[in-house]
Amino acid sequence: MGRGEQPVPVELFEASSRFGGNIRTERVDGFSFDVGPDSFLGTRPEGVGLCRELGLEEELITPKPEGRGVYLARDGRLERMPEGLSLGVPLSLGGLLDCSFLSPAGKLRAMGEPLVPRRRDGVAEESIAGFMRRRLGPEMADRLAAPLLAGVYAGDAGRLSMDAAFPQLVDLERRHGSLLRGMLRGRGWLGVLQPPKTPESPFITPREGLERLVRRLVEVLPAEALHTDTRVEAIERTATGYVLKTSAGERECSAVVLAAPPWSVAELVTRGSAEGAFHELGAELREIRWSATATVFFGLDAASVELPLDASGFIVPEGEGRILAATWITSKWSDRAPAGKALVRAFVGGARHPELVELGDEALSRLAWEELRRFMGPLGEPLWGRVYRYRRGNPQPELGHVGRLARLRAILEGLPGLFLTGSGYGGVGIPDCVRQARAAAQLLLEAPSAGAARPSSGVV
Ligand SMILES: Cc1cc2nc3c(=O)[nH]c(=O)nc-3n(C[C@H](O)[C@H](O)[C@H](O)COP(=O)(O)OP(=O)(O)OC[C@H]3O[C@@H](n4cnc5c(N)ncnc54)[C@H](O)[C@@H]3O)c2cc1C
């Protein structure tokens with residue numbers, strides 16, 4: 001990074017022994033898999049742009065054709081999701097009519113989405129469940145759309161804020177009066193009559209797994225600026241900026257980007273001062289809740305799996321089972337297992353069953369295995385199993401999040417040079433994190449050159 005000809009000295013402090021946070025790729029007996037996030041939205045420019053800049057563009061892959069559909073668990077069985085569904089919105093009449101788990105009345109109500117009046121002015125925020133029920137009707141919302149959207153956050157559709165979690169859908173309603181009209185714009189109304197087809201997956205990932213992106217970033221950054229095993233324990237203001245109290249000593253700096261999760265930032269901003277702006281910041285950040293998840297992986301002999309794994313996996317709506325979802329990794333991505341082997345992942349916990357994440361490894365593996373067998377049928381014996389936990393890995397943008405972000409921005413105005421970025425604020429996906437990081441860097445670099453007396457600050 002440089003402002004004009006002057007390089008800006010930057011240092012990065014990471015509490016754990018490795019970089020990447022949630023992003024981690026593991027290798028076991030010739031299998032390779034992403035423990036947490038496995039891909040990101042290629043339809044957004046930020047993630048692809050970063051890969052391009054790092055020379056990784058040629059390495060990006062999309063899901064295999066057979067890994068583009070998804071099943072839904074219902075009454076102990078797996079039923080294929082209707083074709084032509086986009087973010088829970090049915091874009092194909094044929095796909096909706098074929099759908100086996102909606103009643104004729106439920107289908108009719110969902111088809112009437114373009115006739116539903118837009119949201120009244122003055123409604124501050126609506127939950128995912130509330131928004132989707134209003135637009136698509138309770139049946140389509142509760143059985144399909146809300147579990148699909150809330151699943152992205154491992155959250156509760158009744159508590160998550162639609163406005164904070166899926167602002168693009170709220171915006172479609174605001175601008176076009178209907179989700180369907182907004183999504184079909186350009187294609188025309190007759191688009192709904194076209195035969196349903198599974199759209200190209202919008203997700204991409206490096207061939208070797210997502211951690212390749214982190215390793216490449218570490219390669220291109222100056223090694224002397226990167227510090228692992230260095231926890232930031234507190235932050236205090238000085239006359240010229242801030243002092244960071246880290247587990248390896250103190251560091252003075254003119255500006256700070258706090259890219260740790262909200263709960264961690266809340267601890268370190270309040271440790272140094274019991275009142276004032278830091279105290280207010282901590283109080284707001286402590287209100288952002290999170291959900292815990294575990295991912296459980298099994299390596300299998302493909303010949304022992306009777307079910308054709310012709311999709312990316314399945315989602316388990318509330319009341320249907322003890323896992324949240326499963327991914328058929330070898331159907332979704334190439335090069336993840338030796339020939340003749342299959343790799344599956346179960347998601348456990350979330351807002352629905354947080355207590356399950358605290359089970360011991362053996363009990364958690366057993367639970368995941370039993371649930372996979374219940375839905376998928378015979379799977380043979382697992383070649384190996386692995387359990388990973390994200391105890392505070394999924395920040396929840398619940399009702400009130402939009403207002404909280406506005407209050408955080410107001411507090412930060414009194415703390416020049418301080419920035420908050422990451423999945424706890426304006427968007428949960430990797431492209432959101434990249435966008436925020438770039439915006440913070442840009443503001444830091446521009447403010448002094450634009451003649452501002454003090455650097456700006458913000459939640460970006
Ligand atoms: C199971 C799971 C699956 C997901 N799947 C996807 C997906 O497929 N696609 C997608 O786009 N997103 C996905 N996400 C979301 C994605 O992981 C996040 O958006 C993103 O990784 C968050 O990055 P972050 O830097 O904000 O936080 P984190 O990844 O949590 O990183 C924060 C870092 O800060 C460090 N830290 C914390 N406190 C301190 C401190 N006091 N001092 C120093 N360092 C500190 C931590 O050690 C950590 O390394 C998934 C999340 C989970 C949990």
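How many nonpolar, polar and charged residues does the shell around the ligand have? It has 14 nonpolar, 13 polar and three charged ones. Keep in mind as you look around that this is a predicted model. Below is a quick tour of the ligand's surroundings, then of helix 13, then of two residues with an unusual backbone angle.

**Around the ligand**

- There are 30 residues around the ligand, and Gly21, Pro37, Ala260, Gly393 and Gly422 come nearest.
- Four elements each give two or more residues to this shell: helix 10 (262-272), strand 18 (290-301), strand 22 (384-395) and helix 15 (430-449).
- Strand 22 makes the largest contribution, with three residues.
- The ligand lies between domain 1 (2-24 + 37-59 + 205-281 + 399-459) and domain 3 (290-395), because both of them give residues to its shell.

**Helix 13**

- Start with a length check: helix 13 covers residues 361-376, so its 16 residues, at 1.5 Å a residue, should span 22 Å. Its end C-alpha atoms are indeed 22 Å apart, which agrees.
- Which residues of helix 13 are buried? They are Leu364, Ser365, Ala368, Glu371 and Leu372.
- Those five sit on the same side of helix 13, because they cover an arc of only 135° around the axis.
- That fits a general rule: an α-helix has 3.6 residues a turn, so residues three or four places apart point the same way.
- Several strands help cover the buried residues of helix 13, including strand 18, strand 20 (323-328), strand 21 (341-349) and strand 22.
- Strand 18 and strand 22 may ring a bell, as they also give residues to the shell around the ligand.
- Turn to the face of helix 13 that points away from its buried side and you'll find the exposed residues Glu362, Ala363, Glu370 and Arg373.
- Right after helix 13 comes Gly377, with a positive phi near 85°.

**Two aspartates with positive phi**

- Asp75 isn't a glycine, yet its phi is positive, at about 50°.
- You can find Asp75 in the loop between strand 8 (71-74) and strand 9 (77-80).
- Is Asp75 buried or exposed? Asp75 counts as exposed, because it has 7 C-beta neighbours inside 10 Å.
- Asp335 is another residue other than glycine with a positive phi, this one near 60°.
- Look for Asp335 in the loop between helix 12 (329-332) and strand 21.
- Asp335 is exposed too, with 10 other C-beta atoms within 10 Å.

Key
Residues numbered from 1 in each chain as written. Predicted model: local features only at pLDDT ≥ 70, side-chain atom pairs only at ≥ 80, totals over all residues. Near = placed C-beta within 6 Å. Nonpolar A, V, L, I, M, F, W, Y, C, P; charged D, E, K, R; others polar. Domains from an automatic or database assignment. Expected span 1.5 Å × (residues − 1). Buried ≥ 20, exposed ≤ 12 C-beta atoms within 10 Å, placed from the backbone. Arc of directions from axis to C-beta. Contact = placed C-beta atoms within 7 Å.
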